[in-house]
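Here is a small set of exercises to work through with the structure open beside you. Try each task before reading its solution.

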Amino acid sequence: MRVNCSIPHRQSRSVSGIARDANDHGAGAIAARFPCPKPEISVASDGASATITTDSIVISLTLSEAEKIPALSWTPRAHPNDPFLEDLPHRAYSVLKGSAGGCRHFVKRREGDRDLHYAGMGERASPITLNGRRFRLETMDALGYNAETTDPLYKLIPFYVTLDTKTRVAHGVFYDSFAEGYADFGQEIDAFWGPYRSHTLIHGPHLDMYIFYGPSVASVISHYTYLTGRPRLPPKYSLGYLASAMGYAESEDAQRLIAELPQQCRKWGVGCDLLHLSSGYTVDPVTGARNVFTWNKKRFPKPDKLIHELRSEGIRISANVKPWLLSQHPNYKEVHDAQGFIKDAETSKPRVTRLWSAGNGATATGSYFDLSSTAGRAFWKRGVTSLLEMGIESIWNDNNEFSLPDNTDIYAHANIDYTPTTVGAGGRALQTHLMASASHEAMTSFNPRRRAFLITRSFASGVQRFVSQSWSGDNYTSWHTLKHNIPMGLNAGLGGCVGYGHDIGGFVGPRPSPELFVRWIQNGIWMPRFCVHSWKDEGVTELWMYPEVFPIIQKAVHLRYKILPYLYSLYHDAALTGMPVIRPLVLEFQFDPLVQSASFEFMLGPHLLIASVFDEGAKHRALRLPQDGNSLWCNIWTGEWVPGGTEVTVSCPLSMPGAVFARRGAIVPTGPVLDYVGKPGADHERVLWVFPPPSASSEVFQGQVYEDDGETVNAPLSKLNIKMRVHGNVVEVCVSLVGDYQVEYEWVWVLLPVGDSRRVVVAVGDTFGPDETAQTRSDSEGRLGHGIQLHSNRKI
């Protein structure tokens, strides 16, 4: 349901991409996507109350007797005495006075922790639950932040999910505005009004709110991303190892250093798919200023040669771009005269402010692009296109929090009454959103057939339609950060930012110790985005910088490449359903009360539970396994089965990448270790890690692997469908390949858990049974695999 509270004549189009007003063409699109049920409507004779009843919920409206202020309540029909959301009587909706406008929404807060809130406003600091906390609605360049306490951070997603721990009913609320404000989840107390929560926009003309009824957490997430946009399917290479370091491009010998990357990766036996080219390539060799869309020819004498040499070795480049021009930039006057910058409202001239220019902490004057202006957007797209023309395939939108100093500054974007949108009302994140769409438009226009791999630091609702990845920003090197970055990623994923990761090893701060670096790598291989990035006085953070622990790191990187088929299938699911790749336990186990606040364990898709090690010197990991009826969990390293609901302490020596458990009946597709994704002839098999119940079962477990070329928009698609059952002491598996994409591999292998010696029968097709062409082999660890060949004439 959608609720709107507005100041007349000041409405503007939705900044998240959904139209607000009936005259907007997008309003019809909303109605088409969400057809309104035929409700029963009842209005009291005095007109002071009404009810709307649908198949699922009852919505009650009452007007306060004196003030005539409306108050709404939403109640599931399955629990008629337990509303899942209630406005605060007499105070539910209020408009702030003054020229800046602003609105507030108050709802009742039930005492205790009956209602648990998640996914609050973006990548909020640890823990995953938001109860009793208060957050600023703003984005910030939070260099070296505290991952447990700092607020605000880099992202603004004004959406949250609430779970009623009594009824187990979930709902979501989305406030469709990027205006500055704050969200209070119970920190504020006022004796006169009783317990409440509130959402406040201190600028802007309206409060536009959408209510999503679950009853499942998964349903809420799916509906939210259906409204604001499904996550974009990335190219497959983006899931490999992504190298990065400020130090590479800051070197005066940058081109030579970077050109050696493929040789270093082959020397150390690790794959690499992309290099992040930091902004050092734009540094003016005379002034030291960073001038976006220019090249330092001293550091990079032949950049096009470097780009093509790396590409020939399977490594692509993502170029860093920043949303401003310094006053000394060679094109500053051009954009200034064309009115392509955000303006000072008092002078109608470009807003001049301090911006990062040279080294650490150095600033100079300049202006932010106005990506809502015709001139600013056109210049930006030309700049992005110039990089693509050189052979660069990915764009890295960085420093895009738009730290504008004055809320009265204006955008070219106009309101419905043709007045300009102010920074305060439109929000700084509006420019983040427009920067993403402009970069994406340039990339898709340059090569319509290639999936645009766009990376962004800042993020806002709806941006998932344009970008494939984001990360937790400029984190600080510490064990504390390693731990508390985890719930940041889980919350971001619930808000549509599914391609999330961290700067492994920490961006700023001291160089990580060998142990910390190993544990950070081991956590990172399970993340949607796997990237090492740093800016440290001691030098570049690289996979091989500690030879004494490199064999452990190499094994972890190899594992990352093995699980790419599983990760890629999860991304396909995300693009179809909105489900995040990494998931808080509450999303999968909503009815287990003992995991609903779990912040440091997570599910990788529906099948794998990951519990990373984040304490210095730790050799064990304690956790409680979720319970959902007949739940069993298999330790993937040992093959031990453990009932759900059990508290376990798992041995995790430094060589082991965390405690990892597979759900009963899980089917996890894996592939070979790769030098890079797409290397001809390298993707030669699929190995299915299967986890059949340890005893006979009548259940049939199913899995699916998405296969395509990994790069093309609307590419031909095939699905490897898998079925599994346990019949007596025999594990039966059948596989069928369906679709238009011709896979590179011919063989599919089945691998049972460690120590499981049951007989395996593998067949091609939809029917269980023996296949005379099946074969067996032993892997490098001595485990017996059972394989079947997918001949082209046997495809179904």
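**Exercise 1. Find the loop that holds P215, and give the state of the peptide bond from G214 to P215.**

Solution. Start with the location: P215 sits in the loop between β16 (206-213) and α2 (217-228). Here helices (H or I, at least four residues) and strands (E, at least two) are DSSP runs, numbered from the N terminus. Next, look at the backbone: the bond from G214 to P215 is cis, with omega near 5°. A further cis bond runs from D151 to P152, with omega near 0°. P152 belongs to the loop between β10 (134-137) and β11 (155-156).

Before going on, please note that this is a predicted model, in which local features need pLDDT of at least 70 and side-chain atom pairs count only at pLDDT 80 or more, while totals for chains, interfaces and linings use all residues. Residues are numbered from 1 along each chain as its sequence is written, and side-chain values use heavy atoms, leaving out hydrogens and water.

**Exercise 2. Describe phi for R168 and F293, and decide whether each residue is buried or exposed.**

Solution. Take R168 first: its phi is positive, about 65°, although R168 is not a glycine. R168 lies in the loop between β12 (159-164) and β13 (170-175). Buried means under 20% relative accessible area, exposed over 50%, and partly exposed in between (1.4 Å probe, protein chains only). R168 has a relative accessible area of 11%, so R168 is buried.

Now F293, another residue other than glycine with a positive phi, near 70°. F293 is placed in the loop between β18 (274-277) and α6 (303-312). Its relative accessibility is 14%, and therefore F293 counts as buried.

**Exercise 3. Work out which strands pair with β8, and in which sense.**

Solution. Two strands pair if DSSP finds at least two bridges between them. Strand β7 (residues 93-95) joins β8 over three bridges in the antiparallel sense, with Y93 opposite H105. Strand β15 (residues 196-201) also pairs with β8 in the antiparallel sense, over six bridges; there R104 has T200 as its bridge partner. As for cover, five of the six residues of β8 (residues 103-108) are buried.

**Exercise 4. Give the strand order of the open sheet of eight strands, and name its edges.**

Solution. The order is β26-β23-β19-β18-β17-β30-β29-β28, with parallel pairing. The edge strands, each pairing on one side only, are β26 (453-456) and β28 (470-471). To zoom in on one pair, β17 (residues 242-244) and β30 (residues 529-532) run parallel and are joined by two bridges. L242 has C531 of β30 as its bridge partner.

**Exercise 5. Characterise the packing of α11 and α12.**

Solution. Two packed helices are described by the angle between their axes and the distance between the axes. Axes are lines fitted to C-alpha atoms, for helices over the stretch in contact, with angles from 0 to 180 degrees between N-to-C directions. For α11 (residues 479-494) and α12 (residues 514-524), the angle is about 10° and the axes are 10 Å apart. The pair is therefore roughly parallel (angles under 35 degrees count as roughly parallel, over 145 as roughly antiparallel, 65 to 115 as roughly perpendicular and the rest as oblique). The contact (heavy atoms within 4.5 Å) involves W479, T481, L482, N485 and I486 of α11 and E515, L516, R519, W520 and N523 of α12.
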